[in-house]
Amino acid sequence: MKPTEKKIGLVLGSGAARGLAHLGVIKALKELEVPIHCVAGTSIGALMGAVFVADKCEMLEELALEIDWKRSLYFFVEMNFPRSGLIDGVKIERLLRDILEDRAIERLPIPYRAVATDILTGNEVVIDRGDLVKAVRASIAIPGIFTPVCRDGQVLLDGGLVNPLPVSVARAMGADEVIAVEINLGMADIDMTDPPYAQPVMEDQPTEDLPGVAGIKDRFLRQVNEQIENIDSNVFDPIRKWFDRESTPHVFDILTRTIRIMENQVTLRRLENEAPDLLIQPEVGAYESLDFSIARAGIAEGYRAAMDMQEDLLALVHSKTSWWKPGNG
């Protein structure tokens with residue numbers, strides 16, 4: 001027998017805006033020099049996983065930190081009530097294309113999988129080839145809000161319907177050890193005025209030092225601001241209430257909370273038989289699913305949660321050898 005290096009898989013779970021915590025976790029993993037050999041993600045986890053394997057985390061973080069509640073509206077003012085969802089998702093796909101560019105999954109430097117659901121059959125669909133942006137767009141298609149993606153005869157929606165935390169997918173990719181990041185189950189009572197939420201936890205490179213960030217961010221924010229200026233100011237009143245957790249739930253709240261309840265039950269059941277080797281759970285459960293203005297707090301909490309498990313992470317890395325027998329694969 002001879003020792004071989006274990007493969008470490010990173011699994012990023014669903015959770016909409018709470019998924020910004022994934023960026024903080026990834027930041028900590030990089031600082032701790034935890035090697036990642038494959039990535040599997042569902043919904044927002046698929047998006048963050050794609051950004052990670054494409055080495056665009058800093059770019060997305062710079063953009064995310066500029067989003068307030070009013071700018072979040074940019075992605076929802078395209079509503080034209082198409083037949084199969086409230087939002088076509090054209091603007092989100094355009095932004096993803098700016099960040100991720102035109103990449104094929106099979107050519108990424110790290111093996112990557114995005115999980116979606118075929119709404120026609122109810123089957124889990126693991127996307128392992130083709131256009132990266134289209135794969136992410138399919139995985140994040142929240143039912144009733146975003147229109148589905150048609151691919152290879154399938155009609156694809158949010159993968160969280162069937163596998164919100166795809167540990168099984170990482171195992172199937174050959175991961176010996178799995179680090180999973182779950183962001184839905186907890187309902188923490190977070191005080192936004194306390195550190196680390198009031199101030200950034202990390203000091204990153206200036207925007208101008210990151211290739212392509214300044215141009216993409218400026219263009220994106222210009223488009224957002226132009227869109228907002230053309231909207232009747234009265235429109236903002238119900239939208240502002242929508243972001244207020246104490247107000248009566250609106251249609252987006254009802255849809256996302258209903259799906260979250262279902263996904264939580266699926267996650268709990270699957271964790272019984274598909275437990276990761278390490279489970280990181282940032283305390284972002286109190287955040288609303290579509291409030292992307294919580295970027296700073298979410299990223300900071302993800303970073304904190306991962307760093308709190310520093311000893312476990314390093315122990316996993318330092319014991320990453322297994323014994324291989326000829327003929328066993």
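Me: Helices are DSSP runs of H or I with at least four residues, strands are runs of E with at least two, and both are numbered from the N terminus. How many helices and how many strands are there in the protein chain?

Reply: The model is a predicted one, and its protein chain holds 12 helices and 10 strands.

Me: What share of the residues in the protein chain is buried, and how much of the accessible surface belongs to carbon and sulfur atoms?

Reply: A residue counts as buried when its relative accessible area is under 20%. Here buried residues account for 54% of the 329 residues in the protein chain, while the accessible surface comes to about 15,100 Å², with 49% of that area belonging to carbon and sulfur atoms.

Me: How should I read contacts by their separation in sequence, and what share comes from residues 24 or more positions apart?

Reply: Set aside the pairs with a separation below 6, and ask what part of the remainder joins residues 24 or more positions apart; in this protein chain that part is 79%. One pair to look at is I44 and S14, which are 30 residues apart in sequence and 5.3 Å apart in space, C-alpha to C-alpha.

Me: Is I44 buried or exposed, and what does it touch?

Reply: I44 belongs to helix α2, which covers residues 44–53, and it is buried because its relative accessible area of 8% is under the 20% cut-off. Leaving out residues up to four places away in sequence, I44 touches G13, S14, G15, A16, G19, H22, I140, I183 and F292.

Me: H22 is among those residues; where does H22 lie, and which backbone oxygen lies 2.9 Å from a polar atom of its side chain?

Reply: H22 sits in helix α1, residues 21–31, and with a relative accessible area of 0% it is buried. The backbone oxygen in question is that of G13. Beyond its neighbours within four places in sequence, H22 is in contact with L12, G13, I44, G45, M48, V181 and I183.

Me: Why is α1 largely enclosed by the rest of the structure?

Reply: The reasoning rests on a count of buried residues: 8 of the 11 residues of α1 are buried, so the helix is largely enclosed by the rest of the structure. Those residues are A21, H22, L23, G24, V25, I26, A28 and L29. Just after α1, E33 takes a positive phi of about 60°.

Me: How would I read a residue in a loop, and where is N184 placed?

Reply: Begin with the flanking elements: N184 is in the loop between β8 (177–181) and α8 (213–229). Despite the loop setting, N184 counts as buried, at 3% relative accessibility. With neighbours within four places left aside, N184 is in contact with S14, G15, R18, R260, E263 and N264, and a polar contact of 2.8 Å joins its side chain to that of R18. N184 and A16 are 168 residues apart in sequence, yet their C-alpha atoms are 9.1 Å apart in space.

Me: Finally, at what angle do the axes of α5 and α6 cross, and which residues make the contact?

Reply: The axes of α5 (residues 90–100) and α6 (residues 132–139) come within 10 Å and cross at roughly 140°. Angles over 145 degrees would count as roughly antiparallel, and the two helices are therefore described as oblique to each other. The crossing is right-handed, and the contact is made by E93, L96, R97 and L100 of α5 together with L132, V133, K134, V136 and R137 of α6.

Note on methods: Residues are numbered from 1 along each chain as its sequence is written. This is a predicted model: local features need pLDDT of at least 70, side-chain atom pairs count only at pLDDT 80 or more; totals for chains, interfaces and linings use all residues. Side-chain values use heavy atoms; hydrogens and water are left out. Buried means under 20% relative accessible area, exposed over 50%, partly exposed in between (1.4 Å probe, protein chains only). Contact means heavy atoms within 4.5 Å. A polar contact is a pair of N or O atoms within 3.5 Å; within protein, one must be able to donate a hydrogen and the other to accept it, and residues adjacent in sequence count only if both atoms are side-chain atoms. Accessible areas come from the Shrake-Rupley method with a 1.4 Å probe; for residues, only the protein chains shown count as cover. Axes are lines fitted to C-alpha atoms, for helices over the stretch in contact, and angles run from 0 to 180 degrees between N-to-C directions. Angles under 35 degrees count as roughly parallel, over 145 as roughly antiparallel, 65 to 115 as roughly perpendicular and the rest as oblique. A crossing is left-handed if the near helix is turned anticlockwise from the far one by less than a right angle, and right-handed if clockwise.
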